[in-house]
Amino acid sequence: MSNSNLNHQHMPRAVVTGIGVQCAFANNYEQFKTELQQTTQTRQQLRVISVESLERTTQMDHDKIRTKTLIDFNEYGLDSLKEAMKNASLSVDKLAEIKHQVGLVYATSTEDTNTFLYRTFSGEDSLFGEKFSHYVQQSIPLNGKITVCDSSCSAGGIAAGTALDLIKYNDHKVVLLGGIETITLMQHSGFSSLGALGSIGSQPFSDHRDGVGLGNASVFLIIEEYEYAINRGATILGELLGYGISNDAYHITAPHPEGLGAKLAMQRAMKEAGVTSEQISYINGHGTGTSTNDSMELLAIEETFKGSQSPVYVSSIKSLTGHTLSAAGIIELAATISALHEQYMIPNFELDHPMEHSEFIVLPTEAVPMEYSYALSNSFAFGGNCVSVVVKKLAEEVL
């Protein structure tokens, strides 16, 4: 056993005990879990956002408060948080017992946009413009660390790493880890001006990819210290083992074409987790469906895993969720943990023409049942910010 594994076993451990989610293809975690394993033929219509649907929903649903937004940000986030707590069998009263050791970490890039739009277009006083962290504290007792992560599309992964650190190094027993995005015309216009929007939505790792589609998401994971979770009889879905962060220092929006930052983030995550590339069976890729990201990411995976004797399965769920920006790292982490717990590889939805890739990289197009113990979730962002998170199945101790 490596020294890093020995050190890891003597540190407080961070485990996932509950998930709540709303996104383009699911209104709750049970539906999310089921739909991830469906074939193209049986899947329901997705709700990835187009300019037309964004404008239409805005006018129909929110004329009353004139915010120009799709969804009440705070209620959207709180609904998923409450679902995650329910699925973790974690009550408000239970949290109140340890409220000084309960933290809140969430990723977003639209919270301030929603607040700005509310204050601009509505003269009414409302909790709609209140910070989500304040909103949560009105119904859920917590006096631990509160952190908001906003490093665009890598924010979710960084939030997950922050939650892990709070458990390992800062005496927290529970961290409420989330990602919330309610896309407005401002975000849509920004991606449009960059020429990054796809004509048919995100098609990750496809030769036909031409850009991203955007999607709303609200997702929360309940992260608990292992002994605390065990003592209260919680069901454990998986463990956060380690994370790695890097920066390309290359371009304000484009990733380094050789994936230098992505490779470094994956290497650092595996080093902190005390695992090797040989032990990683599945990677939930950032996979935006843009030509630059997907080619860079597969190249980085090839360079990082080329010595492995076993194939590594790679997929992206952005063809289902759309790009959920700062929330992407959290919803994709939720998908990774769910697949690891259920023991299958998540398929690439509607990947009819896969791009060229190394023979040891498998891009599955159907759910593949398989026993495996370790997976990795990637999140990459504008400014070259890269983060990877390693997770572990906890059905039994894996040495």
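Helices (H or I, at least four residues) and strands (E, at least two) are taken here as DSSP runs, numbered from the N terminus, and the expected span of a helix is 1.5 Å times one less than its number of residues. The structure is a predicted model, in which local features need pLDDT of at least 70 and side-chain atom pairs count only at pLDDT 80 or more, while totals for chains, interfaces and linings use all residues. Residues are numbered from 1 along each chain as its sequence is written, and side-chain values use heavy atoms, with hydrogens and water left out.

Helix α11 makes a friendly starting point. For the 14 residues of α11 (residues 260-273), a rise of 1.5 Å a residue predicts a span of 20 Å, which agrees with the 20 Å between its end C-alpha atoms. Buried means under 20% relative accessible area, as against over 50% for exposed and values in between for partly exposed (1.4 Å probe, protein chains only). By that criterion G261, A262, A265, M266, A269, M270 and A273 are the buried residues of α11. Viewed down the helix axis, these residues fall within an arc of 165°, taken from the directions from the axis to the C-beta atoms, so they line one face of α11. After the helix comes G274, with a positive phi near 75°.

The strands come next. Two strands are said to pair if DSSP finds at least two bridges between them. Strand β5 (217-225) has nine of its nine residues buried. In a regular strand the side chains alternate between the two faces of the sheet. Both faces of β5 are covered, with A217, V219, L221, I223 and E225 buried on one side and S218, F220, I222 and E224 on the other. On β5, eight antiparallel bridges are made with β1, where V16 is opposite I223. Strand β4 (residues 174-181) also pairs with β5 in the antiparallel sense over eight bridges, and here E181 faces A217.

Strand β1 (residues 14-22) is in turn joined to β6 by three antiparallel bridges, one pair being V15 and E239. Eight of the ten residues of β6 (residues 238-247) are buried, so this strand is largely enclosed by the rest of the structure. Strand β6 also runs antiparallel to β13 (residues 385-392), with eight bridges between them and Y243 opposite V389.

A nonpolar core is a set of buried Ala, Val, Leu, Ile, Met, Phe, Trp, Tyr and Cys residues joined through side-chain atoms within 4.5 Å. The largest one holds 52 residues, and F32, L177, L221, I223 and L240 have the most contacts inside it. A second, separate core of 28 residues includes L241, V312, L363 and C386.

Two loop residues complete the picture. N348, between β9 (344-345) and β10 (361-362), is buried at a relative accessible area of 2%. Its side chain reaches the backbone oxygen of V314 at 3.0 Å. Contact means heavy atoms within 4.5 Å; beyond four places in sequence, N348 touches F205, V314, S315, S316, L363, P364 and T365. P204, in the loop between α9 (185-193) and β5, counts as buried at 5% relative accessibility. P204 and D294 lie 90 residues apart in sequence, yet their C-alpha atoms are 6.8 Å apart. Outside its neighbours within four places, the contacts of P204 include G287, T288, D294 and L351.

Key
A polar contact is a pair of N or O atoms within 3.5 Å; within protein, one must be able to donate a hydrogen and the other to accept it, and residues adjacent in sequence count only if both atoms are side-chain atoms.
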